[in-house]
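Reader: Please take a close look at the aromatic side chains and describe how their rings are arranged.

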Amino acid sequence: MKSVFLIRSCKRTRQYFSALVLLFCCFSAPIKAQSALEIVLQHFAGNQALRLDSGSYTNELGQHFTVTKFKYYLSNFHLKSVDGKEYNSKEVFLINEEEASTKKIFLPDVPAGNYSSLSFTLGVDSILNCSGIQSGALDPVNGMFWTWNTGYIFLKLEGKSPASKSPANMYEFHVGGYKSPANCIRRITLPLDQKSVKEPLRQIVLRADVLELFKSPEKVDLSVLSSVTDFHNAEMMADNYSDMFSVLEIH
Amino acid sequence: MARHLIVFFFLIIFTVLFAGFIQDNPYFEIHPEDVELKIPKGFPEPLYDLKNNKITVAGFTLGRKLFYDPILSKDYFTSCASCHQRFAAFAHIDHALSHGMLGQIGKRNVPALQNLIWKDAFMADGGINHLDLQPLAPLTSPIEMGESLDTVLMKLQKDSIYPGLFKKAFGTTDITSERLLKSLSQFLALMVSSNSRFDKYLEGKETFSDQETRGLNLFRTKCENCHKEPLFTDNSYRNIGLKPDSALKDSGRAAITGKAEDYMRFKVPSLRNVERTYPYMHDGRFRNLNEVMKHYAEGKFYTDNFDQSIQRAVGLTEQEQSDLIAFLKTLTDNTFLMDRRFADPSMR
């Protein structure tokens, strides 16, 4: 405690200390990279692996549909260990079924530990919805942004269904919104089976099931609802996607 | 043949010399002192955080070029300035509804661009929450500039001039949405109107006629509730009892919030330079200020949720109406309207 106080009180010491930390960081970078936790996302439609365009699936009401686009934002990853250790990441990731590389997320510098739960946000925090133009995953060029009513689209699911009454039998679910009348930010917490956790944690494989979007709590009837592009029905869809994820494997 | 070659050669020389002359035209040159933001006396702290987007000579110059360049639109004919005209405080003078590419007509009146860094939201319905994001709306709207963001970036990247200008402004030739929009914001942020006759009157540098003084006093009792000095708006959304337009079906703020009480509420516009921004209202239904005055004075208000404070203006006499108009004309800011920094740099 005393030494911490001394460091804080003396400017020059603090500078030396920062320099040391910097030096240490430079040398320890490769070691830290090894402690990155990889989160792999596997997309399913029920018990079938999701195949864009070619796969055909059936919702709860027996309506057939295909999927042409599946994209969503994950952010604010949080890990909690049995002994109370916590890990937080503020980073935002855009997962896109079309690009395999986006289905692997790396969380850097995850300390070794017996983690009991993983939580994350499906969506983008309200503050990031109000911060003006941003780059990387949040660049509007990614097509996950509404230009007339500012806000990120958190999840896009598009495809075709013979049940849909939209032009060309399309259905389009663009779900987002960070404020009233539709707050679609959902926090998802998944338990991690401790017994299977090896130290340090290397990889968590998550399963995301598009059928869940049609299922609960509300059943989606594609002949009635084939387009969600603003706040109408958005919260219902968000409640549906909040139970879309489960843990498949832990390594 | 040789003579032709010589003529051709001289033509090239002249073109190059002339181009050089244009580039050096001092009227269009931006100097470091031109990009200093001075907060006018009596104005509040800006809401736009310039720490995240420091205005530079190169950034401002790039933003200005983009603002006036139709390359941003799908048809290569529509620029931001097509609808935002400098002499009209960047509104579209004498056009009720905005004009888009390929002769399309929009559904709202073009708003003036001024004092934007004091606005908490943009558009008549307040749907856009940040100045940086505002240009994306007209850019991507199929009835305005009709272009997609990635195509715009690609067009600029392939252009012979733009990569160099982006390098000057941001250090490398990469053209990203962030750089595109931040340079536009740099240009827009400096559009400050604070030098009207009214402002000079407040400083004691200008005198008002009797009529203008009467107008000012009337304004402060009848209109100030919503059109608050010094910005002449309180940034709120109000329904002023306009008759709903059955063709446009514009529900205003309600389209953003989904709330019934926001039906036909629109953002209170600033009245600075109002003399130049005709026609008026979100759909340009009133051709001149006389018609605006008549709307308030007659007190024929439609829709149930109109703002009660507008009742104050009911019964304004004709004399009072013209007094108010005389005052409103003192809000015309010729320094801003003639500011060379905002002139079209491609006009030679």
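Author: The following account concerns the aromatic rings and the charges placed over them. This is a predicted model, in which local features need pLDDT of at least 70 and side-chain atom pairs count only at pLDDT 80 or more, while totals for chains, interfaces and linings use all residues. Residues are numbered from 1 along each chain as its sequence is written, chains are lettered from A and ligands numbered from 1 in the order in which they are written, and side-chain values use heavy atoms, with hydrogens and water left out.

The model has an ipTM of 0.86 and a pTM of 0.87. For chain B the mean pLDDT (the predictor's confidence in each residue, from 0 to 100) is 94, and 93% of its residues reach 70 or more.

Over all chains, 34 aromatic pairs are found. Rings of Phe, Tyr and Trp (its six-membered ring) pair if their centres lie within 6.5 Å; planes under 30 degrees apart count as stacked, over 60 as edge-to-face and the rest as tilted. The ring centres of B:F219 and B:F327 are 5.1 Å apart and the planes meet at 45°, so this pair is tilted. It links distant parts of the chain, 108 residues apart: B:F219 belongs to helix α9 (residues 210-222) and B:F327 to helix α12 (residues 318-328), both of chain B. Helices here are DSSP runs (H or I, at least four residues), numbered from the N terminus. B:F219 has a relative accessible area of 0% and is therefore buried, a term for values under 20% (1.4 Å probe, protein chains only). B:F327, also at 0%, is buried.

One aromatic cluster is formed by B:F60, B:F67, B:Y68, B:F90, B:F187, B:F336 and B:F342.

A charge sits over a ring if NZ of Lys or CZ of Arg is within 6 Å of the ring centre and within 35 degrees of the ring normal. A:R207 places its charged end over the ring of A:F44, 4.6 Å from the centre, and B:K155 lies over the face of B:Y76, at 4.2 Å from the ring centre.

Key: Helices (H or I, at least four residues) and strands (E, at least two) are DSSP runs, numbered from the N terminus. Buried means under 20% relative accessible area, exposed over 50%, partly exposed in between (1.4 Å probe, protein chains only).
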